[in-house]
Structures are given as structure tokens and as C-alpha cells.
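Let's take a walk through this protein together, one stop at a time. Have the sequence and the 3D view open as you read.

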Amino acid sequence: MSEFNITEYYNKFKYGEDIFRRLMRFRVKRILLVSTFYDAFVFENDALLGEQVLVEYMELNLSSPPEIEAVPTGEEAIKQIKSESYDLIITTLHTGKAGPFDILKTVRELHPGLPVLLLLTALADQRIVEERSESKLAFDDIFLWKGDASLFLAMIKSVEDKKNVARDTHIGFVRVILLVEDSPRFYSMFMPLLYEEIMKQTQHLIIEELNEREKRFRMRARPKLLLARNYEEATAIYETYKNDLIAVFSDMRFKRKGQEDKEAGLHLLRSFRKDGTDVASVIMSSDPDNAAKASAEEFAFLYKHSRHLLHKLRTYITENLGFGDFIFRDENGNVIDKASYLAEFEDKLQSVPQESLVYHASRNHFSAWLMARGEIEMARSIRKLQPDDFENPEAMRRHLIEIVLYIQNKRNKGQIIKFHRYSLPEENEIILLADGSLGGKGRGLAFLNALLTRMDPGQLFENANIRLPNTAAIGTQEYEYFIEHNGIDNRLQEPMSDADVDRVFVSGELSEQLKHRLAHLLERVHYPLAVRSSSLLEDSYSQPFAGIYRTYMLPNNDPDPQIRQKQLEDAIKLVYASAFSSATQQYIEHIGHQMDEEKMAVIIQEVIGSRNDHYYYPHISGIAQSYNFYPIGEQKHHDGMASLAVGLGKMVIEGGNVYRFCPTHPKVPLMSLPEMLSATQREFYALDLESTQIALYGQESSTLVRLPLSTAESHGRLQHLVSVFDYENNRLWPGLAHKGPRIVNFENILKYNKYPLANIINKLLNIGEAAMGMPVEIEFALDLDRSVNKDCIPTFYLLQIRPLAILTSNTRVKREEQKEEDIILYTEKGMGNGEIRGLHDIVWCPPEAFNPMETLEMRSELEAINQEMKSEGRSYILIGPGRWGTQDRFLGVPVQFGQISQAKVIVETNMVHYQITPSQGTHFFHNVVAMQIGYFSILKNTRGGDYLNELFFEKAGKKGKRRYFRLIRSKRSMTVKMDGISGKAIIYKE
């Protein structure tokens, strides 16, 4: 494939994480506390200073808490300041001969940017400070200690907020709360409470978030609290951060233009509103008469000397800033319901009474709640709308639900979302039903999901929607629980048939938590489901395990929810059981792993397709590879190869008759017209929606049916997928307008670009190869009638991605270097690299012995031969007609890998009167390539230099004759040489 620049999309993928790291760049890590021994004792023991700080940092999972170093005198403090490094100085008023102003002067001379806070322990001390203060030498802040244990945390946070606010609001959409207060007494009381509510909200949002990235963001992206002491300071903060402002708490009387102004607070809030800023605004005053003035301008009011001041402030924050749960109330203010999460909020919006919607909308409660969750643009758009702006309350309800769904999709897009009861799998997100690793297949899906959602589909894929299906995942911890809790290891005895193993697993119980979550999932999901394996070792570069484990397709449409759940649970258990099947055990043994190393995750995906009568299937399923093992003509290895079929993908991955093309040259057919006629797809797989099969027991296809292509035509599904052969003119007509045999060649799509399928495949293979750093294989499905947007453009669904094993070596194959009589075979369509020496055995099926009606019997005979070889410790070369490993038994012998595990080289030859294309894209093929087994194709009587020494086989094949196969044992050692670059391979006698 051509090169693709992945850097831009990788940066987008990493950007969110970079924001987390860049937020709160300044942290107070080391504090110098200057106080008398008595004050230090009180702070540490009564206020529990160190413990308070430690607990808060642990709760938010932040970096290590600050170290607090205390000294009793100003003299010692000045020494420390000169020799040590600190992030914050906190000093009391009484510090000995060197007072706090001496400390301040030293800091300003040596460390001008180091914050110095003065902590007063008595209100009367404020007058002393005012008398001694100098205009050019001021403390960063002055606080009043009244025994409030949380004041120290507020002081630390206020310093951090001042340092970080400019950067954090710029890069991280961090919000700002403005407190305008000139009295240390009152802001020392208000700030701890405001920070406490901010931290509670932060904790609430951390719990609410369903993906770890958003959790990390919420920890660092809490709102900043900024303090202003006069009109000008407040205005300056407003002008800088007005787009980030979510609330203003203002005193009524403070300095304006250098003079005390008894209505400065009103002037300030009026100016903000006049400038177009409409946020939660509160006037706080010691004069109760100001309540009427605030009310007249529709500002909230709090009386500073109220016995319930802090309670009222907390209530206002909760109700008007949207902190905490959303409390739904009726028109009289009575509580009728609540929502903690966005998903729960959306669910409750569906059913709350209309009068509740009107009550909250008229009071801007919806916008405040969204604002508190960082959705500032959406919140502002809602705030501008009132109930009268809608035709009726139901129209307002629909609008609100659309906004919440949009927010959820934006947050979760490309993420792995932890399950909660309102989880609903959506395209381009993965719901995690149980913890643990996602396994190989799950990792590939999660990577694709994250990468694709950070691309610009409109630019990359014109006239196409690219999606992952709705997906849920069960991590490996559930598998470990299932094996241990049900005593599986003790219940499995050797020898034991696969059917007996299945019964053991189906009789086991999944965890109660998972069963509960599956029940909730099925309440909200009513489309067909694919239950797929995703083991730790699966889909890796060196051992793909392709097709070794099971996949079950479930109609998921039984009217009885208990039956639907039992089918889903059984499918999960049987996927687990497939890890203990005989084929899996042989495969793991062959690749040199231990069964204990393997663990199983499970992927539950929506089956892509549409209902037609009582069948369900997509227009097209396919597999594409960025590396073409058998290029012909002008094609190159890196031009890629794709295989397409009508219906479900089982036809492709199991080696049935499919249509192959090169995505780089999609208009160039790979077969002649007669070859197309003989090899075209004639049947397709579909999910039977009327299947009542409940006991799946290892039969992956128990819910599938194989139908004639005419059935799809009767459903109206073939218009753009087939051409009609015109005998009279010896040509093809795309579509169904003519009479004649149907040939599945997707001509309207590939040649006439009815849908840009080839372009999509090409770009996705480029992206995948660039991202993984090696060739890749993708599985996909396309339903031309299915669109995710109002644009009616069909959606291309990516089902899987895995690395493709391409090994290269310095081995070069030159036929002329060997004597002609010593050459056993030569091909230019070989796969593999390097040399295999010391072989003496060939297992050969002569063309005349191949019977497409008896391939199951042939498989049994071959398995017996393989077992004999295994017991003798011998390896062999396997040669025969048709497609090895196909599940279409009329196209070749449907062996599994374990049945030919001793084969070091596998060779496919022509079938009599029937040409079979090489096995690219099947699971069997993928495993063989990954394990470095030579895989050759000998197509006699075709273009190219393929050669099979028939004289050798005629003579040697007379011995070791079985019913179907011949066991040829050579006295002279045979050597296999494979050139992975050119595709040339040769087998010869030494």
C-alpha cells in the first residue's frame, strides 16, 4: 500500500492525554509555615493540617501532597528562604523580632514570584496590618483563621488557581468562579465553602465519568476560584475570563474608582449582564435592605449575618450552579425524581411530567447543570431558550434529549466506557461489561475506534460513513472468575470430547454482576448479536489464532427475555469452552505456548445487516489485506488484496466462492470470463431470525442458513452486486436488467463507483499499516440500505483489524541452480521465507483421487496420517487439489490446522475441470502464514512458471498408497527454499 501520514491522527489521539498532563502545571509541593510553637501545634492537631491535605490529595488521586515545614521565628524563616526552595510561604503575625513584613521583604528581594500569605488569628490584628502595610509591598492574600480546618486547603488552592488559571482556561476549557469580597473575615469563610462544593462536584463528576480519560480530566479540570477585592480587580478578571465564567458571588459595598461605593456590587453585575454575560449571580451584603435592590434586578441575595448563611450559600450553589445530582421537581417545587449521570438524566427526561420541564427550564436549571459539567456551549444555547420558544413542552423535551445525546456521544466517542445501568452501546464506543484485558481482537477494535474517531471522515472518505458496530466487551477477569468459581480445571478430564467440554462450560455460572449487566443490556438492545472471542494471544503478529476460537450469531429476538439472556450467556460460555477444544489445544501446543498463558475476553457486537423476510444479512461482507501474496500482471505485493461476498462474512473467512480484486486496481478483473462463470458465488450465509435453537453446544452455524443467491435477488439485494452474462455477445451486463446467469462481481460498485468501496478499503489499509507499522488485514461489512446520518449515505462498518505476518529473508530462489530431475516442484506463487531442510516425507493427493463428494472422508484419512507422523516425530510436505482449510467441502478438504499440524509446507494444485483461486483472506490461511509454514499454489496450464514433477510423483506414488492419499518417503533429503520478496519457491532433492 502507499505511504500514509499517521502523525496528524496520532497527535489527535494523544491530545486529550496531553491536556491532562498540561493542566495544573503549577502545584504547591513545599510550604514554609512561620508561626509560634503554639500556633503550629493548633494548626497540626486541632486543624489536622497535614492529614487534611493528605486525604484530599488521595481522594482525587493527585500527585503527592505538599510537604509542610514549620519554623517558629521570622529569623529562622529568613534563613530557610535564603537557602531552600519553596512554593508557598504562610506566615502568622507574631513571629518574633523578624516580623511578617521582614519575611515579605526578603521574599520579594530574593524570589519575587513566590507567593506569601498572611494568616491572622484574630480579627483585631487586621488593623495592625493595615497600619504597617506599604503600597509597594503587599502580601498576596491575607486570611483570618477562626478554627476552620479547611481554610488551609483553600489557601493552597487559591495560590494554585492564580498561577494556573490563564494557561488552564486556554488549553483545557476550565471554568472560573469569581468571588468579589474585600473583607478577609468573609472571604476566609466563603472560600473554604466554595472550594468544598467545587471538590464535591469534582468527585461527583469523577464517579459519573465512564472512561478513564475523562476521569483524569475531571480531576485536574475543576473550576478555578478567583478573588477580587475591588471593582477594578473584578472587571479585569471578568474581561480576561468572561467566556469561562460560570458564577459571580459579589459583596455589595467595596471600592470603586478608589472610593467606597455602597452599590458597587450592583454596578458590577449590571455591567456583566450588559456585556452579554448571563451567569449565576449573587449579591452578598451585611445590609438586609439590599435584598430588594438585588431582587429588582433579578439577582440572588444572601444576608451575610444570617445564622444560616453557609447553608443558604451551599443550597444556592447546588440548585443554581448545577452541582451534584439533578433534582427534578414539580411546579410546586416538590421533589419527584433525580439523576446522577448524563445517561440517567437523558433517561429521566423521557418521562418526567411536562410541568417539571417547564419549572426547570424557566429557572435555567438545565443550563446550570450542563454548565457544571463543562458543556459551556450547550449550556449557553439552552439558557437563551425559554419554554415559550417551543411549540409545546414535548418539543422542548425532544430538544433537550437531543442535546444530552449529542454531549454523551461527543464525550464517549472513541472511548472504552465502563458499564452502568443506562449504558447503551453506540457506534464508535465500547461498553466494558467486566474488567480485565480486552484481548487481542478487543485491543484491535479499541485502537481502531480511538483512531478513526479522531479523523475527519468528510475529508478522508468522500460520500462515505465509516463506523465500528455497537460493541460491548467482557474483560478477562470474568473468564478467570468463571474458571475458578465453577471448578473447571477439576471437572475437565482427559480424554474428553469437545461436546463434553461444552456441556461442562454451559453448566457453569457467570458472575452475578455480569448476568445483571447482560440483563440491563438486553433491555435496551434488540438487534442481532455476534458473540466473538478475544483471547490474550489472539490476533497477534506471530500467532493470530484466526478461526481457532468460536463466534456465535444470535437473533436476539425471542419474546421471552429469559430465553434471550440464556442464549447470550450460553454463547459466552461456549466461547470460553473453545479455549479448551482439541483444535485449540493442538494449535497452542504447536506454537510452543502453555494453556495457562491464555485468557479469554469476549466481544459482543451488533450484526451488521438488514431484515429480509425472516433472514438478516448485509449486502457485502469482506476481508482486505494490505499485502498481496499472489500479485499478477502489473500488481505489486503492496497493492493489497480484497475478497468480497454477498451476505455474512462466513463465506469469505471459511474459503467459499468469493470475488477477489486488488483495491489499487479495482476495475481490473483477476479472472477470465469463463473462470468467473465457474467460480462465482452461488450461495450466501444469513442469520435465521426464526431460529429457535437454544442449545448452541459448539455449533457456531446453528443459527445461520446457507441460501441460494436467488433468495437475495428476490429480496431486491443484488442490483449493484452482480452482472448478467450475455451468451450471444460473450459479455457481462452490470445489474439485473438483462436475462442470463448471475455473476457476483460487484461491477456497479468497483468499476462504475456506485459506492467508493475500493477507495475506502485502500485508505483504511494505508491507515492500519501506518498505525501498526506492518501489513494488516481488516474485516468489514456494508449494508447499502443502512445510513447513520440523514444524508442517506451507506455506512461501511469495520469489524476487526489484525497484523499480517510478512517475513522476509535473504533467501533467493534460482531454478537453474538445481538439476531438473531433482526438482520436485517450483512456483512463483509461494509464501514463506528462508529454508527448510531435512524433509523426507510427502503426503500427496493425486488429482484423480480427489472426490469433492468425499472430502470429509479425505479429512479423516489425512488426520490419521498426521497422527502417525506426529507419533514418529516426522514432518511432511502436503500436496493436493483445491483449497486446504476451506469450509466449503466441495472446493477442497475442510481440515483444521490441528489435523495437519506436522505439515511444514502446504501446496494447493488445480482441481480437475475447475480452477480454484489461491487462499487469501481465510482464517486457515492467516494462521499458516503466521507460523511460517510454506504455502504454495501450483496452477498448471496457466500463465507463469509453475512446475510439478509429475514423473517423480507417478513413480514414487505407487508406494504408501491409501484410499485418497499417497505417502511418499524419499531416501534423499528434500530442501525447501522460499523467497518472501519475489514469491518464488522450490522443493528439490539434495
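A good place to begin is Lys 257, which is exposed, with a relative accessible area of 69%. Please keep in mind that you are looking at a predicted model. Lys 257 sits in the loop that links strand E9 (254-256) with strand E10 (259-261). Its backbone is worth a look too: although Lys 257 is not a glycine, it has a positive phi of about 60°.

Now turn to Glu 298, where the loop in question runs between helix H12 (290-296) and strand E12 (300-303). Glu 298 has a positive phi of about 60° and is not a glycine either. Is Glu 298 buried or exposed? Its relative accessible area is 68%, so Glu 298 counts as exposed, the cut-off being over 50%.

With those two loops in mind, step back to the whole chain. The protein chain has 990 residues, and 59% of them count as buried. Its secondary structure comprises 34 helices and 42 strands. Take the contacts between residues at least 6 apart in sequence: 73% of these join residues at least 24 apart. The accessible surface of the chain comes to about 41800 Å², and carbon and sulfur atoms account for 48% of that.

Next, find the open sheet of five strands, which has the order E2-E1-E3-E4-E5 and parallel pairing. Its edge strands are E2 (67-71) and E5 (141-144), each of which pairs on one side only. On average, neighbouring strands here are turned by 20° against each other, direction ignored. Helix H5 (residues 100-110) packs on this sheet and touches strand E1 (30-34), strand E3 (88-92) and E4. The direction of H5 makes about 165° with that of E3. At one end of the strand order, E4 (residues 116-120) runs parallel to E5, and four bridges join the two. You can spot the pairing at Leu 119, which stands opposite Phe 143 in E5.

A second open sheet has nine strands and mixed pairing, in the order E35-E39-E38-E37-E36-E41-E42-E34-E40. Here the edges are strand E35 (830-831) and strand E40 (947-948), each paired on one side only. How many bridges join E35 to E39? There are two, and E35 runs antiparallel to E39 (residues 934-938). Look for Gly 830, which faces Phe 936 in E39. As a reminder, strands of a sheet pair through backbone hydrogen bonds, either parallel or antiparallel.

For a close-up of a single side chain, go to Arg 532 in strand E19 (residues 529-535). Arg 532 has 8% relative accessibility, and because the cut-off for buried is under 20%, Arg 532 counts as buried. Which side chain does the Arg 532 side chain meet in a polar contact? The partner is the side chain of Gln 605, at 2.9 Å. A polar atom of the Arg 532 side chain also lies 3.2 Å from the backbone oxygen of Leu 799. Leaving aside neighbours within four places in sequence, Arg 532 is in contact with several other residues, among them Lys 441, Arg 550, Val 575 and Glu 779.

Our last stop is the cysteines. How many disulfides does the count give? It comes to zero, with two sulfur atoms needing to be within 2.5 Å to qualify. Cys 662 is buried, with a relative accessible area of 0%. Cys 845 counts as buried too, at 2% relative accessibility.

Terms used: Residues are numbered from 1 along each chain as its sequence is written. This is a predicted model: local features need pLDDT of at least 70, side-chain atom pairs count only at pLDDT 80 or more; totals for chains, interfaces and linings use all residues. Side-chain values use heavy atoms; hydrogens and water are left out. Buried means under 20% relative accessible area, exposed over 50%, partly exposed in between (1.4 Å probe, protein chains only). Two strands pair if DSSP finds at least two bridges between them. Contact means heavy atoms within 4.5 Å. Accessible areas come from the Shrake-Rupley method with a 1.4 Å probe; for residues, only the protein chains shown count as cover. A polar contact is a pair of N or O atoms within 3.5 Å; within protein, one must be able to donate a hydrogen and the other to accept it, and residues adjacent in sequence count only if both atoms are side-chain atoms. Axes are lines fitted to C-alpha atoms, for helices over the stretch in contact, and angles run from 0 to 180 degrees between N-to-C directions.
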